[in-house]
Amino acid sequence: MEERTIYDVVIIGSGPGGMTAALYTSRANLKTLILEKGVPGGELLNTSDVENYPGFPTISGPELADNMYKGAMQFGAEYAYGQVSKIELDGDVKVITAGKKTYYAYAVVIATGSYHRKLEVPGEEEYAGRGVSYCAVCDGAFFKDKKIFVIGGGDSAVEEGTYLTQFGKSVTIVHRRDQLRAQKVLQDRAFANEKIDFLWNSTVEEFVGDGSKITGVRVKDVNTGEVTTHDADGVFIYVGLLPVSDPFKDLNITDAEGWIVTNEKMETSIPGIFAVGDVRQKTLRQITTAVGDGGQAGHMVYNYVEEIKEKQ
Ligand code: FAD
Ligand code: NAP
């Protein structure tokens with residue numbers, strides 16, 4: 001029979017959470033493999049300036065991602081492309097499927113992050129990539145001197161709305177309430193920006209277009225019920241996050257919305273399966289908290305793998 005390689009730990013996802021876990025486990029001499037379906041960095045690659053990561057007063061998301069990747073790889077971690085579709089249990093060994101490949105490990109750290117929630121209104125799917133976007137850093141430059149709309153009232157909408165003012169003629173933030181959810185510092189900056197205006201108490205009914213690109217947004221005032229159509233060249237949707245946990249749903253480690261439930265040691269209910277970062281049920285989804293989770297999980301993985309090896 002073919003000898004199978006058993007990693008001490010496989011880490012799924014190379015955003016800030018996964019890369020920190022890899023730094024800790026490889027530095028503790030554990031045989032570590034990172035599996036990533038894209039490129040290293042996760043959401044950092046879609047973030048312009050990061051101003052709340054200690055040690056760097058301001059750093060671009062991609063530069064921080066590059067630094068984290070170099071740090072994570074310096075103690076011998078392996079890195080491979082792979083989109084993980086399931087984890088199965090074989091005694092103490094976890095069997096990880098990624099495409100046509102199978103990997104084996106004593107421990108797994110799930111660090112698959114989250115994805116942008118859709119608004120699910122008419123025109124959203126039809127004009128995705130043709131004026132409707134979920135990533136200002138990726139697509140903002142297409143809208144130089146254009147009318148831009150941003151949907152949402154959280155950190156992402158307000159921060160990315162402000163970022164988009166460097167390109168657009170105007171940026172209109174459409175929010176369903178009369179108060180923003182975003183951090184105060186981001187709100188203050190947006191309120192002070194002359195290019196930004198707000199449509200309060202408003203929800204999007206439809207994105208309208210000419211068949212090839214978006215031309216407007218139909219907005220409903222939730223208090224009066226009045227519906228108005230506004231000209232728009234580009235729309236950026238930031239209405240929250242959903243967990244990337246579908247591949248793990250058979251493990252029964254998620255809550256009703258799909259967020260993975262852990263204790264403060266990042267342990268799930270299955271021994272040897274840990275979760276970190278945005279995919280976890282938690283209150284604050286940030287780079288600092290993902291990194292903290294990664295360090296904690298790395299430490300617990302070391303203890304767990306040592307125990308397994310002592311048993312053998
Ligand atoms: P992610 O960064 O999402 O990384 C997950 C990784 O897992 C990805 O690389 C993905 O490709 C990979 N993956 C997913 N599924 C699979 C699979 N099946 N197989 C293999 N790989 C997989 N936080 C701040 O602190 N400061 C900011 O300024 C800031 N700005 C932000 C701006 C925006 C627009 C957004 C959306 C978020 C921002 N955040 C910010 C939040 C921050 O980016 C996240 O909290 C952080 O990136 C979470 O890290 P993570 O490692 O958990 O997940
Ligand atoms: P979020 O905090 O969940 O905010 C989502 C926003 O969209 C809310 O204002 C919400 O309205 C609105 N919304 C939700 N569903 C909607 C719908 N169906 N129709 C219209 N509006 C809807 O999501 P986020 O802003 O993407 O932030 C996600 C995480 O990333 C947070 O933890 C955040 O702190 C972090 N982040 C941090 C930074 C930073 O630190 N600089 C930057 C970006 C993101 P209500 O307010 O009415 O609920």
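Modeller: A polar contact is a pair of N or O atoms within 3.5 Å (within protein, one must be able to donate a hydrogen and the other to accept it, and residues adjacent in sequence count only if both atoms are side-chain atoms). This is a predicted model, in which local features need pLDDT of at least 70, side-chain atom pairs count only at pLDDT 80 or more, and totals for chains, interfaces and linings use all residues. Residues are numbered from 1 along each chain as its sequence is written, chains are lettered from A and ligands numbered from 1 in the order in which they are written, and side-chain values use heavy atoms, without hydrogens and water.

Biologist: What makes the pair between Gly 154 and ligand 2 a polar contact?

Modeller: A backbone N or O atom of Gly 154 is 3.2 Å from an oxygen atom of ligand 2, so the pair meets the definition. The side chains of Asn 52 and Gln 183 also place an N or O atom by an oxygen atom of ligand 2, at 2.8 Å for Asn 52 and 3.0 Å for Gln 183.

Biologist: How much of ligand 2 does the protein bury?

Modeller: Alone, ligand 2 exposes 920 Å², and the protein buries 78% of that (Shrake-Rupley method, 1.4 Å probe).

Biologist: Which residues surround ligand 2 most closely?

Modeller: Asn 52, Asp 155, Ser 156, Arg 177 and Arg 181 are the closest of the 19 residues around ligand 2. To be near, a residue needs a heavy atom within 4 Å.

Biologist: Why are 6 residues of the shell around ligand 2 called charged?

Modeller: Because they are Asp, Glu, Lys or Arg; Ala, Val, Leu, Ile, Met, Phe, Trp, Tyr, Cys and Pro count as nonpolar, and the others, Gly among them, as polar. The rest of that shell is 4 nonpolar and 9 polar residues.

Biologist: What makes the contacts of ligand 1 polar?

Modeller: Backbone N or O atoms of Glu 43 and Ile 287 each lie 2.9 Å from an oxygen atom of ligand 1, and a polar side-chain atom of Asp 278 is 2.8 Å from one. These distances are within the limit, so the pairs count. Of the 1,000 Å² of accessible area that ligand 1 has on its own, the protein covers 93%.

Biologist: Which domains does the shell around ligand 1 draw on?

Modeller: Domain 1 (6-115 + 241-311) and domain 2 (132-237) each give at least three residues; the bounds come from an automatic or database assignment. The shell around ligand 2 likewise draws at least three residues from each of domain 1 and domain 2.
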